[in-house]
Amino acid sequence: MSQIRDNIISFLLAGHETSSSFLAFAAYLLANDEELQSKVYRELTSSQFTDAESPTLLRTLREALLMYPPATMGGRVALRVNILVSFF
């Protein structure tokens, strides 16, 4: 039962960690490019696009996910051999 609890806590923390990491790197990309900031600002303040439809903002968010993927692979190692079903 404690292993299930530990896994649930890991999943909850990993979800929080990935979201905050993604937003931090998206902000980083915007902060380092004044031209990009201006373009996103113009799109968001115009009546043409909403924040969910801004093409430049969406491309920036996708680029942040490609350049800085928030989820990393975490390996697990078996402590002992455990065969659940033997087919031989």
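The accessible surface of the protein chain adds up to about 7800 Å², and carbon and sulfur atoms hold 62% of that area. The model is a predicted one, with a mean pLDDT of 80 for the protein chain. Of the residues, 81% reach a pLDDT of 70 or more. Confidence varies among the elements: helix H2 (residues 34–45) has the highest mean pLDDT, at 91, while helix H1 (residues 2–31) has the lowest, at 78.

As for the overall build, the protein chain has three helices and zero strands, so the pattern read along the sequence is simply α-α-α. Not much of the chain is tucked away by the burial count: 14% of the 88 residues are buried. Among contacts with a separation of 6 or more, 48% link residues that sit 24 or more positions apart.

Next comes the pairing of H2 with helix H3. Two packed helices are described by the angle between their axes and by the distance between those axes. Here, the axes of H2 and H3 (residues 55–67) come within 8 Å and cross at roughly 135°. That angle makes H2 oblique to H3, because angles have to be over 145 degrees to count as roughly antiparallel. On the H2 side, the residues that meet H3 are Leu-36, Lys-39, Val-40, Glu-43 and Leu-44. Their partners in H3 are Pro-55, Thr-56, Leu-57, Arg-59 and Thr-60. Sorted by class, this contact has five nonpolar residues, three charged ones and two polar ones.

Two residues give a closer look at how the helices meet. Leu-29 belongs to helix H1. With a relative accessible area of 17%, Leu-29 counts as buried, because the cut-off for burial is under 20%. Leaving aside residues up to four places away in sequence, Leu-29 touches Leu-36, Thr-60, Glu-63, Ala-64, Met-67 and Tyr-68. One of these, Thr-60, is 31 residues from Leu-29 in sequence, yet the two C-alpha atoms are 7.5 Å apart in space. Leu-36 and Thr-60 also turn up in the meeting of H2 with H3.

Gln-37 is the second example, and this residue is found in helix H2. Its relative accessibility is 35%, so Gln-37 is partly exposed, in between the 20% and 50% cut-offs. Outside the residues up to four places away in sequence, Gln-37 touches Leu-30 and Ala-31. The C-alpha atoms of Gln-37 and Leu-57 are separated by 9.1 Å, with their positions 20 residues apart along the chain.

How values were computed: Residues are numbered from 1 along each chain as its sequence is written. This is a predicted model: local features need pLDDT of at least 70, side-chain atom pairs count only at pLDDT 80 or more; totals for chains, interfaces and linings use all residues. Side-chain values use heavy atoms; hydrogens and water are left out. Helices (H or I, at least four residues) and strands (E, at least two) are DSSP runs, numbered from the N terminus. Buried means under 20% relative accessible area, exposed over 50%, partly exposed in between (1.4 Å probe, protein chains only). Contact means heavy atoms within 4.5 Å. Accessible areas come from the Shrake-Rupley method with a 1.4 Å probe; for residues, only the protein chains shown count as cover. pLDDT is the predictor's confidence in each residue, from 0 to 100. Axes are lines fitted to C-alpha atoms, for helices over the stretch in contact, and angles run from 0 to 180 degrees between N-to-C directions. Angles under 35 degrees count as roughly parallel, over 145 as roughly antiparallel, 65 to 115 as roughly perpendicular and the rest as oblique. Ala, Val, Leu, Ile, Met, Phe, Trp, Tyr, Cys and Pro count as nonpolar, Asp, Glu, Lys and Arg as charged, and the others, Gly among them, as polar.
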